[in-house]
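Let's take a friendly walk through this protein, from the overall fold down to single side chains. Keep the 3D view open as you read.

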Amino acid sequence: MTTQEFTFTGTGTLKRVDTFVSKAGKSMLTLIIEVEGQYPQLIPCKIFGRLVEDSAAWTPGSVLAVRGRLGGRDWQGKVYGDITATRVDVVTQGAAQSQGAAPAMEQTDPGSVPF
């Protein structure tokens, strides 16, 4: 018997990296990727492990090729979808940041999303 998975691949422009701190104090990063077209989309992709370390080198405006899995969970009768990146490759680097500037990161309120 094999495990069924929903997977995806895509390419888009990194808009920013959001940081979320869970109630347990664990930091999680979410890449906000813009996919252009007739109806542009903003896609949030969670990253874990080695990808968190790699993300320090990614700058807004970089074009990223992302591979990952789709999932979800039920919490108090509502289903929440998860998009998790398992591989990220830089296609083109974004504009270099001024020296000493930190990458764009936003803090998310721990009470806003159930984990």
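Before β1, which spans residues 6–21, comes a segment that holds Glu 5. Glu 5 is exposed, because its relative accessibility is 55%. Although 65 residues separate Glu 5 from Leu 70 in sequence, their C-alpha atoms are 7.7 Å apart in space.

Keep in mind that this is a predicted model. The mean pLDDT of the protein is 83, and 80% of its residues reach 70 or more. Residues 98–115 call for care: pLDDT stays under 50 there, and the model has 28 contacts for this stretch beyond four places in sequence.

Now zoom out to the fold. The protein has 1 helix and 6 strands, and from the N terminus on the order is β-β-β-α-β-β-β. Among contacts with a separation of 6 or more, 56% are between residues 24 or more positions apart. Buried residues make up 27% of the 115 residues. The accessible surface comes to about 7,800 Å², with 53% of that area belonging to carbon and sulfur atoms.

How do the strands pair? β1 and β2 pair in the antiparallel sense over 8 bridges, and β1 and β4 also pair in the antiparallel sense over 8 bridges. To find the first pairing in your viewer, look for Thr 19, whose bridge partner in β2 is Leu 29. For the pairing with β4, look for Thr 9, which stands opposite Arg 67. The hairpin of β1 and β2 has 5 residues between the strands, and in it Gly 25 takes a positive phi near 85°.

A positive phi also turns up at Gln 76, with a value of about 50°, although Gln 76 is not a glycine. Gln 76 lies in the loop between β4 and β5. Is this residue buried or exposed? Gln 76 counts as exposed because its relative accessibility is 67%.

Back on β2, which covers residues 27–35, you will find Thr 30. Its relative accessibility is 16%, so Thr 30 counts as buried. Leaving aside residues up to four places away in sequence, Thr 30 touches Arg 16, Val 17, Asp 18, Pro 44, Cys 45 and Lys 46. As a general point for reading such strands, side chains in a regular strand alternate between the two faces of the sheet.

Next, turn to the nonpolar interior. Which residues of the largest nonpolar core touch the most other members? Of its 14 residues, they are Leu 31, Trp 58, Val 66 and Val 88. Two or more residues of this core come from each of β1, β2, β3 (41–47), β4 (63–75) and β5 (78–92). Trp 58 is a good place to center the view: not counting residues up to four places away in sequence, Trp 58 touches Leu 14, Leu 31, Ile 47, Leu 51, Leu 64, Val 88, Val 90 and Gln 93.

Finally, consider the charged side chains. A search of the whole structure finds 6 salt bridges. One of them joins Asp 54 and Arg 50, with an N to O distance of 2.4 Å. Both residues belong to helix α1 (residues 50–54), and because they are 4 residues apart there, about one helical turn separates them. Asp 54 counts as partly exposed, because its relative accessibility is 29%.

Another salt bridge links the side chains of Arg 87 and Asp 89, at 2.9 Å from N to O. Here Arg 87 is partly exposed at 41% relative accessibility, and Asp 89 is partly exposed at 32%. Elsewhere, salt bridges that share partners join Lys 46, Arg 73 and Asp 82 into one network. Within that trio, the side chains of Arg 73 and Asp 82 meet at 3.1 Å, N to O. Arg 73 has a relative accessible area of 26% and is therefore partly exposed. What is the state of Asp 82, buried or exposed? Asp 82 is buried, because its relative accessible area is 17%. Lys 46, the remaining member of the network, brings you back to Thr 30, since Lys 46 is among the residues that Thr 30 touches.

Key: Residues are numbered from 1 along each chain as its sequence is written. Side-chain values use heavy atoms; hydrogens and water are left out. Buried means under 20% relative accessible area, exposed over 50%, partly exposed in between (1.4 Å probe, protein chains only). Contact means heavy atoms within 4.5 Å. A nonpolar core is a set of buried Ala, Val, Leu, Ile, Met, Phe, Trp, Tyr and Cys residues joined through side-chain atoms within 4.5 Å. A salt bridge is a side-chain nitrogen of Lys or Arg within 4 Å of a carboxyl oxygen of Asp or Glu. pLDDT is the predictor's confidence in each residue, from 0 to 100. Two strands pair if DSSP finds at least two bridges between them. Accessible areas come from the Shrake-Rupley method with a 1.4 Å probe; for residues, only the protein chains shown count as cover.
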